[in-house]
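Please open the model in the viewer and display it as a cartoon. The tour below proceeds by selection, one element at a time.

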Amino acid sequence: MGGRPVQRIVYSADEISARVAAMGRDITRHYPRGEKLLVLGLLKGSFIFLADLVREIDTPLQVDFLVVSSYGNGTVTSGDVRLVYDPEAELAGKHVLLVEDIIDSGNTLNRLIPMLERRQPLSLELCALLHKRISGPLAREARWVGFDAPPEVLVGYGRDHAEIFRHLPYIASL
Ligand code: PRP
């Protein structure tokens, strides 16, 4: 594969799939049938998680994506966030479920949530596979969290380091 080897598998593919299935069941129970649900994935990190999660949600839904870019290029995100791709789907009148791979510093969400709230969705909830629990107060706390993650650089299952490792079926630390 090249680059740095992974050090330790933190969450195996089996552990992830069991947790994602349980989250999907919870989410299914939460949303009233017959109301519009829009699952909004934050790219790129959430692409595998979202693909697995929506297949565990047993209610009609729409899928769209947001591309947000943080300025800077390190393992620590900088404070500024830019919307690079904006969802075509209307948010107004829909229950919006924002799907994130990880909440780290919370900067991304703290800038994104107010932007989405201004579009007046019926409701706005957040689902994150990993939560490091190291952020300050969040604009909105995640209603669904897969795992409370250790304060390490985590890759795989959508997450990268320097754009590699996203394809790994498990989550590992570097
Ligand atoms: C990562 C991750 C979250 C964000 C979390 O995205 O996908 O969106 O950082 O960090 P924060 O809580 O400190 O803001 P990244 O900018 O690495 O882009 P990517 O999803 O395209 O990999």
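Axes are lines fitted to C-alpha atoms, for helices over the stretch in contact, and angles run from 0 to 180 degrees between N-to-C directions. The model shown is predicted.

Select helix H1 (residues 13-30) together with helix H2 (residues 47-54): their axes come within 9 Å and cross at roughly 60 degrees. H1 and H2 are therefore oblique to each other, and their crossing is right-handed. To view the contact, show the side chains of Val20, Met23, Gly24 and Ile27 in H1 and of Phe49, Asp52 and Leu53 in H2. By class, this contact of H1 with H2 comprises 5 nonpolar, 1 polar and 1 charged residues.

Next, remain on H2 and select Ile48, Phe49, Leu50, Leu53 and Val54, which are buried. Their cover includes H1 and four strands: E2 (37-43), E3 (62-70), E5 (95-103) and E6 (123-131).

Now turn to the sheet. It is open, with 6 strands in the order E4-E3-E2-E5-E6-E7 and mixed pairing. Strand E4 (81-85) and strand E7 (144-148) stand at the edges with a single partner strand each, so one side of each has no neighbour in the sheet. On average, neighbouring strands are turned by 25 degrees against each other, direction ignored.

Within the sheet, select E2 and E5, which pair in the parallel sense over 5 bridges. Gly41 stands opposite Val99 in E5.

Finally, restore both helices to the view. H1 packs on the sheet and touches E5, E6 and E7, its direction making about 160 degrees with that of E7. H2 also packs on the sheet, where it touches E2, E3, E5 and E6; the direction of H2 makes about 160 degrees with that of E2.

Technical notes:
Residues are numbered from 1 along each chain as its sequence is written. This is a predicted model: local features need pLDDT of at least 70, side-chain atom pairs count only at pLDDT 80 or more; totals for chains, interfaces and linings use all residues. Side-chain values use heavy atoms; hydrogens and water are left out. Helices (H or I, at least four residues) and strands (E, at least two) are DSSP runs, numbered from the N terminus. Angles under 35 degrees count as roughly parallel, over 145 as roughly antiparallel, 65 to 115 as roughly perpendicular and the rest as oblique. A crossing is left-handed if the near helix is turned anticlockwise from the far one by less than a right angle, and right-handed if clockwise. Contact means heavy atoms within 4.5 Å. Ala, Val, Leu, Ile, Met, Phe, Trp, Tyr, Cys and Pro count as nonpolar, Asp, Glu, Lys and Arg as charged, and the others, Gly among them, as polar. Buried means under 20% relative accessible area, exposed over 50%, partly exposed in between (1.4 Å probe, protein chains only). Two strands pair if DSSP finds at least two bridges between them.
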